[in-house]
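Me: Could you take a close look at one part of this protein for me, the largest nonpolar core? I'm in my first year, so plain words, please.

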Amino acid sequence: MKKILHLLTEKKIRGGERQALYAISGLKENYRIIIVYDSRFDPTQIQEFEGLKGTHSESKLSLIALRMRNEFDPLALFQLARICQKEKIDGIHTHTAKGHGLAVNLLQSLRAFRSPTSKIPLIVTKRTVFP
């Protein structure tokens, strides 16, 4: 089963995060989902989301808290690299501009060190009302 890492960098659930969780709930049947969320975020909001109830106990869903200050946070980049290598991630899906910046910097860092995980595909979803 392929493993997809989702980056949720916001501090609370709003419209875009709710849409991301709906998308994740649709993927849970065919993929193992790993959600990396900001450590200031309340994980019970994810666990109690209607489309994801029960999947946490079935080990199809893993939640990992990570302090993500900005797109260039070296500690967050290092920890994300370790998660990608340990979990053998098959893809990264970002849902915010901050998540996009983190993922791009992560993949560039991995390429600089010639890591085998540097070829992970990146999916960026933009959720805004303006172009």
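Reply: Here is a walk through that core, followed by a look at what lies elsewhere in the chain. Keep in mind that this is a predicted model. The chain averages a pLDDT of 86, and 92% of the residues score at least 70. Confidence peaks in strand 4 (residues 91-94), at a mean of 95, and is lowest in helix 2 (residues 44-47), at 78.

Now the core itself. The largest nonpolar core has 20 residues, and the ones that touch the most other members are Leu5, Leu7, Val36, Ile92 and Leu106. Which elements each supply at least two residues of this core? They are strand 1 (2-8), strand 2 (31-38), helix 3 and helix 4. Helix 3 gives the most, with six residues. There is also a second, separate core of 15 residues, and Ile4, Ile24, Tyr37 and Leu61 are among them. As a general background point, nonpolar side chains in soluble globular proteins tend to be buried together.

Let's zoom in on leucine 5. If you skip its neighbours within four places in sequence, leucine 5 is in contact with Ile34, Val36, Ile83, Ile89, Gly91, Ile92 and His93. Two of those names, Val36 and Ile92, also appear in the list of core residues that touch the most other members.

Helix 3 covers residues 74-87, and glutamate 87 sits in it. Is glutamate 87 buried or exposed? Its relative accessible area is 16%, so it counts as buried, the cut-off being under 20%. Beyond its neighbours within four places in sequence, glutamate 87 is in contact with Lys3, Arg32 and Ile34. Ile34 is on leucine 5's contact list as well.

For contrast, try alanine 65, which is found in strand 3 (residues 61-66). Alanine 65 is partly exposed, because its relative accessible area is 44%, and that falls between the 20% and 50% limits. Not counting residues up to four places away in sequence, alanine 65 touches Tyr37 and Ser39. Alanine 65 and serine 39 are 26 residues apart in sequence, yet their C-alpha atoms are 4.7 Å apart in space.

Last stop: the largest pocket, with a volume of about 240 Å³. It is lined by 15 residues, and the closest to its centre are His95, Thr96, Ala97, Arg127 and Thr128. Helix 1 (15-27) and helix 4 (97-112) are the elements that give two or more residues to the lining. By class, that lining has three nonpolar, seven polar and five charged residues. Helix 4, then, contributes to the pocket lining as well as to the largest nonpolar core.

Technical notes: Residues are numbered from 1 along each chain as its sequence is written. This is a predicted model: local features need pLDDT of at least 70, side-chain atom pairs count only at pLDDT 80 or more; totals for chains, interfaces and linings use all residues. Side-chain values use heavy atoms; hydrogens and water are left out. On a 1 Å grid over the protein atoms alone, a cavity is a set of points where a 1.4 Å probe fits but cannot get out, and a pocket is an open set with protein on both sides within 12 Å along at least five of seven lines; lining residues have an atom within 4 Å of a point. Grid points are joined across faces, edges and corners, and a volume is the space filled by probe spheres set on the points. Helices (H or I, at least four residues) and strands (E, at least two) are DSSP runs, numbered from the N terminus. Ala, Val, Leu, Ile, Met, Phe, Trp, Tyr, Cys and Pro count as nonpolar, Asp, Glu, Lys and Arg as charged, and the others, Gly among them, as polar. Buried means under 20% relative accessible area, exposed over 50%, partly exposed in between (1.4 Å probe, protein chains only). Contact means heavy atoms within 4.5 Å. A nonpolar core is a set of buried Ala, Val, Leu, Ile, Met, Phe, Trp, Tyr and Cys residues joined through side-chain atoms within 4.5 Å. pLDDT is the predictor's confidence in each residue, from 0 to 100.
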